Amino acid sequence: MSSGGLELPPGDSSHEGGPADAPGGVPGGAPAGIAAGAVSLAGGPAEAGSAGGPGSAGAELDWGADAWSEVRTRAQRAGRAYIWLNLIEQRLRSVVGAVLRPIYEPVHGGDDWVVAAAGPAGQEWVQRAVAVREVSRRKGYLLDSADDNVLSFLTLPQLRELMVQHWPCFEPYFDDRREIELALDELEVTRNVVSRNRALSRPVLEQAERASARLLEVLGGGAGSPSADRLPIDAVEDLVGDRYADVISVHPDRVRLQRQLPAEDLFGGARRLDAIGIGLNLLVQNFSGRRLVRLTEAGCRVRLLFLNPASSAVKRRERELGLRKGELSRSVEMNILHVRRVRAGLRDPSRFEIHVFDETPRFTAYLVEGNSSGIAVVQSYLRRARGMESPVLVLRGGGRGVPKDADHGLFATYREEFESMWEDSRPVS
């Protein structure tokens with residue numbers, strides 16, 4: 001509800017990939033096909049006044065569905081970029097304070113150490129920061145006493161300037177000054193757009209996210225190695241992930257999943273791999289037998305649960321998909337033979353278990369756990385769609401650095417279902 005008493009229209013079409021991102025819309029400008037009487041977001045007084053006479057002022061001020069869609073898209077992109085910029089600024093402020101305070105504070109004391117560190121070249125902007133802090137004190141804008149210092153009022157470019165001026169002080173902690181400066185240069189474009197509430201294109205947003213993640217890793221504030229965690233937790237998931245339990249992404253089919261999360265990234269580095277499904281094609285057809293052997297020999301425990309190719313459930317599934325008799329069962333048999341050969345090549349076959357079940361298959365799931373966290377890929381079986389065509393959920397499992405409550409997530413639900421099915425299954429010799 002706005003201050004004028006107007007209710008915002010529904011926002012289902014406002015998500016990324018909606019009308020504002022379609023070829024018909026132009027992010028950063030007015031979307032194509034604006035309804036009659038609507039005012040372009042970038043339109044000035046002259047444009048608004050050309051629609052009609054004084055009597056049509058109300059219609060001239062209206063926003064159509066396309067305009068609202070563009071507004072929401074702009075807000076979503078700007079909000080996502082702001083989260084990254086906020087993280088970078090806070091991390092850089094912490095780094096600058098940790099390195100320069102012990103050098104300047106013993107001599108100059110209090111907040112004067114920031115003025116001294118800025119030197120003559122930065123005198124103007126540091127004095128401006130001091131003035132802004134005084135105004136904030138007087139008007140009661142300082143809600144947290146921890147922010148009542150000059151350093152908290154320095155902006156990203158000013159913090160960068162302090163770092164560059166005193167690079168010999170930072171050099172023992174960071175290897176590559178150029179990498180830090182290039183990342184901050186990329187972020188300055190995004191910061192300028194967001195601070196002035198202008199349109200932010202998707203490529204610029206993606207560039208800012210990559211630069212922010214790289215910079216946080218360089219500054220020691222990253223979430224860990226991507227190879228260890230496969231899908232690193234980003235800033236947005238940290239803030240709003242609880243709204244969606246532990247679901248971190250949804251894909252309309254497995255093809256789009258594998259573009260973002262290839263099999264090597266999903267299974268590589270796993271310490272525990274449990275999979276249940278009809279034929280487990282995502283693993284068997286996209287992860288080589290040699291790679292499975294190396295993974296198991298490196299310490300990963302593997303449990304694979306296939307649908308029994310001789311069961312009546314396979315025949316029913318063949319009829320649902322319109323396959324020839326025996327086609328699906330032969331495919332499952334081939335996959336089982338493949339993983340049996342993998343198991344036969346291991347020094348310790350007990351770490352690689354293969355079972356079959358005879359019940360109606362309800363879903364396929366790959367539960368992968370690493371040293372610090374887990375990830376799961378889950379698909380429900382649809383009556384007329386094969387696994388490659390079914391929607392996919394990607395879930396974040398519990399572990400270090402995961403700000404989710406495991407008791408309310410789907411990962412634990414599918415883990416429990418897998419264990420129940422495993423207990424009722426039969427081993428493959």
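Val-302 stands opposite Phe-352 in strand β4, and this pair is a good place to start our walk. The model is predicted, so local features need pLDDT of at least 70 and side-chain atom pairs count only at pLDDT 80 or more, while totals for chains, interfaces and linings use all residues. Residues are numbered from 1 along each chain as its sequence is written, and side-chain values use heavy atoms, with hydrogens and water left out.

Let us look at the strands around that pair. Strand β3 covers residues 301–307 and pairs with β4 in the parallel sense over six bridges. Here, two strands pair if DSSP finds at least two bridges between them. Strands (E, at least two residues) and helices (H or I, at least four) are DSSP runs, numbered from the N terminus. Strands of a sheet pair through backbone hydrogen bonds, either parallel or antiparallel. Five of the six residues of β4 are buried, so this strand is largely enclosed by the rest of the structure. Buried means under 20% relative accessible area, exposed means over 50%, and partly exposed lies in between, using a 1.4 Å probe and protein chains only.

Strand β4, residues 352–357, also pairs with β8, this time in the antiparallel sense over two bridges. You can find both contacts by residue: His-355 stands opposite Pro-427 in β8, and Val-356 stands opposite Arg-426 in β8.

Now step back to the whole sheet. Eight strands form an open sheet in the order β1-β7-β6-β5-β2-β3-β4-β8, and the pairing is mixed. β1 (247–251) and β8 (426–427) stand at the edges, each with a single partner strand, so one side of each is left without a neighbour in the sheet.

Next, try following strand β5, residues 363–369. Six of its seven residues are buried. β5 pairs with β2 (residues 272–277) in the antiparallel sense over five bridges, and the bridge partner of Leu-273 in β5 is Val-368. Seven bridges join β5 to β6 (residues 374–380), and these two strands run antiparallel. Within β6, Tyr-366 has Val-377 as its bridge partner, while Val-368 has Ile-375. You have now met Val-368 as a bridge partner of Leu-273 and of Ile-375.

Strand β6 is largely enclosed by the rest of the structure, because six of its seven residues are buried. β6 is joined to β7 (residues 392–396) by four bridges, and the two run antiparallel. In β7, Arg-396 is the bridge partner of Ile-375.

What fills the inside? The largest nonpolar core has 57 residues, and those with the most contacts inside it are Phe-267, Leu-304, Phe-306 and Phe-352. Apart from it lies another core of 40 residues, among them Trp-113, Ala-129, Ile-180 and Leu-215. A nonpolar core is a set of buried Ala, Val, Leu, Ile, Met, Phe, Trp, Tyr and Cys residues joined through side-chain atoms within 4.5 Å.

There is some empty space too. The structure holds three cavities of 30 Å³ or more, and about 50 Å³ of space lies in the largest cavity. A cavity is a set of points, on a 1 Å grid over the protein atoms alone, where a 1.4 Å probe fits but cannot get out; lining residues have an atom within 4 Å of a point. Grid points are joined across faces, edges and corners, and a volume is the space filled by probe spheres set on the points. The largest cavity is lined by Ile-276, Phe-357, Thr-360, Pro-361, Arg-362, Phe-363 and Met-421.

Finally, visit the helices. Helix α3 (residues 65–108) has a kink of about 55° at Arg-101, shortly before the proline Pro-102. The bend at a residue is the angle between axes fitted to the seven residues ending there and the seven starting there. After α3 comes Gly-109, whose phi is positive, near 70°.

In helix α8 (residues 177–195) you will find Arg-191, which is partly exposed with a relative accessible area of 23%. The C-alpha atoms of Arg-191 and Trp-84 are separated by 10.0 Å, although these residues are 107 residues apart along the chain. Helix α9 (residues 202–218) holds Ala-211, which is buried with a relative accessible area of 0%. The C-alpha atoms of Ala-211 and Ala-183 are separated by 5.2 Å, with the two residues 28 residues apart along the chain.

Terms used. On a 1 Å grid over the protein atoms alone, a cavity is a set of points where a 1.4 Å probe fits but cannot get out, and a pocket is an open set with protein on both sides within 12 Å along at least five of seven lines; lining residues have an atom within 4 Å of a point.
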